[in-house]
Amino acid sequence: MIIMKDVQASIKPHADVREVSQQREMSGLQAIIRSQPFWVLVAIGAIGLVMSVVSDVFLTERNLYNTTRNFAFFGIMALGMTSVIVTAGIDLSVGSLMGLCGIVTGLVMQAGYSIVLGFAACMGMALVVGIINGVLIAYLRVAPFVVTLGMLAIARSIAMVISNNKMIYDFGPDQDVFQWIGGSDTLGVPNPVWVLIILTLVFWFAFRYTTWGRWVFAVGGNQQAAKLTGIPVERVIVSVYVASALTAALAAFLIVGWFGSVTNALGQSYGRV
């Protein structure tokens, strides 16, 4: 009797292994259905369906045009922030950075320079801020919350000083082109939405098929393990904060073109995305 129990005890683990090995792998459709983003999308669709029944003006071409355009600015900024969040970081400075980059763009174009130089100044300012944030976090080991919270105040203060706390609405000889880029449409779709679509494809490809994308996820999973495998963790961290800053600057450039004016208060609550 004792021998039989020992045999059964020795067989049971092997039976468990066999049962596990016989389990089917979850299909792609099942993985999508079990994911949280899928059900968030379903909830949004349900809300849209209810609103289209309740309101006569919700599901109209004009409302969809305005909604997608307004969302595009947040979406562009959120793409860069996604790379920061994947590395287990946070960037609270994007709203203030939008204000600073918008003011820099306005001042350059107000001085009579072309839209190309205005865009270069906008992105250049974002590049500097992104590098500062990334270096402080990656190499000096300062907490991302502290660094970006401090940059939030610094960027807003600089924008206020260089603008003399005044609104800028004169964008020089390229004002019409500037306002067309941010406020007009192509093939019936707002230009900022086209930018969002293109950037979404770029980030999707980068995250899924590039070495940089794999490094970003590795750093977010375990920095120490990533470093032991030879991944340049510090450079990856700097790169994601630069990406966040650049997308915030691009959103600022587009939204200023849409507004047709800019103040240092631009993006004041946008860091909550």
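Author: Helices and strands here are DSSP runs, with at least four residues for a helix and at least two for a strand, numbered from the N terminus. The model above is predicted, and in this model the secondary structure of the chain comes to twelve helices and two strands.

Reader: Which pattern does the chain follow when it is read along the sequence?

Author: Read in that direction, the chain follows α-α-α-α-α-α-α-α-β-β-α-α-α-α, so that the two strands stand next to each other in the order, with helices before and after them.

Reader: How much of the chain counts as buried, and what share of the contacts joins residues at least 24 apart?

Author: Buried means under 20% relative accessible area, and of the 273 residues of the chain, 38% count as buried. As for contacts, one takes those between residues at least 6 apart in sequence, and among these 76% join residues at least 24 apart.

Reader: Where does UniProt place the feature "transmembrane region"?

Author: The unreviewed UniProt entry places it at residues 38-59, 71-90, 110-132, 139-162, 193-217 and 238-260. Such a record can be set beside the model, span by span. Residues 71-90 are 80% helix and 0% strand, with their end C-alpha atoms 21 Å apart, while residues 139-162 are 79% helix and 0% strand, with end C-alpha atoms that lie 30 Å apart.

Reader: How should I read a pair of helices, and at what angle do the axes of helix 6 and helix 7 cross?

Author: One looks at how far apart the axes come and at the angle between them. The axes of helix 6 (residues 115-138) and helix 7 (residues 144-162) come within 9 Å and cross at roughly 150°. Angles over 145 degrees count as roughly antiparallel, and therefore helix 6 is roughly antiparallel to helix 7. The crossing in which helix 6 passes helix 7 is right-handed.

Reader: Which residues of helix 6 and helix 7 make the contact?

Author: On the side of helix 6 they are Val129, Ile132, Asn133, Leu136 and Ile137, and on the side of helix 7 they are Pro144, Val147, Thr148 and Met151. Sorted by class, the residues of this contact between helix 6 and helix 7 are seven nonpolar, two polar and no charged.

Reader: And how do the axes of helix 10 and helix 12 cross?

Author: The axes of helix 10 (residues 211-221) and helix 12 come within 10 Å, and they cross at roughly 105°. Angles of 65 to 115 degrees count as roughly perpendicular, and so helix 10 is roughly perpendicular to helix 12. Helix 10 brings Trp212, Trp215, Val216 and Val219 to the contact, and helix 12 brings Val233, Val236, Ile237, Ser239 and Val240. The classes in the contact of helix 10 with helix 12 are eight nonpolar, one polar and no charged.

Reader: Let us turn to single residues: is Ile76 buried or exposed, and which residues does Ile76 touch?

Author: Ile76, which is found in helix 4, has a relative accessible area of 0% and is therefore buried. Leaving aside residues up to four places away in sequence, Ile76 touches Pro192, Val195, Leu196, Leu199, Thr247, Leu250, Ala251 and Leu254. With Val195 one can also compare two kinds of separation, since the two residues are 119 residues apart along the chain and their C-alpha atoms are separated by 7.8 Å.

Reader: What can be said in this way about Met81 and Ala248?

Author: Met81 lies in helix 4 (residues 61-86) and is buried, with a relative accessible area of 7%. Met81 and Ala248 are 167 residues apart along the chain, and their C-alpha atoms are separated by 8.7 Å.

Reader: Is Glu234 buried or exposed, and which residues does Glu234 touch?

Author: Glu234, whose place is in helix 12 (residues 233-259), is buried because its relative accessible area is 16%. Not counting residues up to four places away in sequence, Glu234 touches Ala138, Tyr139, Arg141 and Lys227.

Reader: Where does Arg141 lie, and what is phi of Arg141?

Author: Arg141 lies in the loop between helix 6 and helix 7, and phi of Arg141 is near 60°, a positive value in a residue other than glycine. Arg141 has a relative accessible area of 54% and is therefore exposed. Phi of Asn165 is near 60° as well, a positive value in a residue other than glycine. Asn165 lies in the loop between helix 7 and helix 8 (175-183), and at 52% relative accessibility Asn165 counts as exposed.

How values were computed: Residues are numbered from 1 along each chain as its sequence is written. This is a predicted model: local features need pLDDT of at least 70, side-chain atom pairs count only at pLDDT 80 or more; totals for chains, interfaces and linings use all residues. Side-chain values use heavy atoms; hydrogens and water are left out. Axes are lines fitted to C-alpha atoms, for helices over the stretch in contact, and angles run from 0 to 180 degrees between N-to-C directions. Angles under 35 degrees count as roughly parallel, over 145 as roughly antiparallel, 65 to 115 as roughly perpendicular and the rest as oblique. A crossing is left-handed if the near helix is turned anticlockwise from the far one by less than a right angle, and right-handed if clockwise. Contact means heavy atoms within 4.5 Å. Ala, Val, Leu, Ile, Met, Phe, Trp, Tyr, Cys and Pro count as nonpolar, Asp, Glu, Lys and Arg as charged, and the others, Gly among them, as polar. Buried means under 20% relative accessible area, exposed over 50%, partly exposed in between (1.4 Å probe, protein chains only). UniProt positions are given in the numbering used here, feature names are shortened, and annotations may be inferred rather than shown by experiment.
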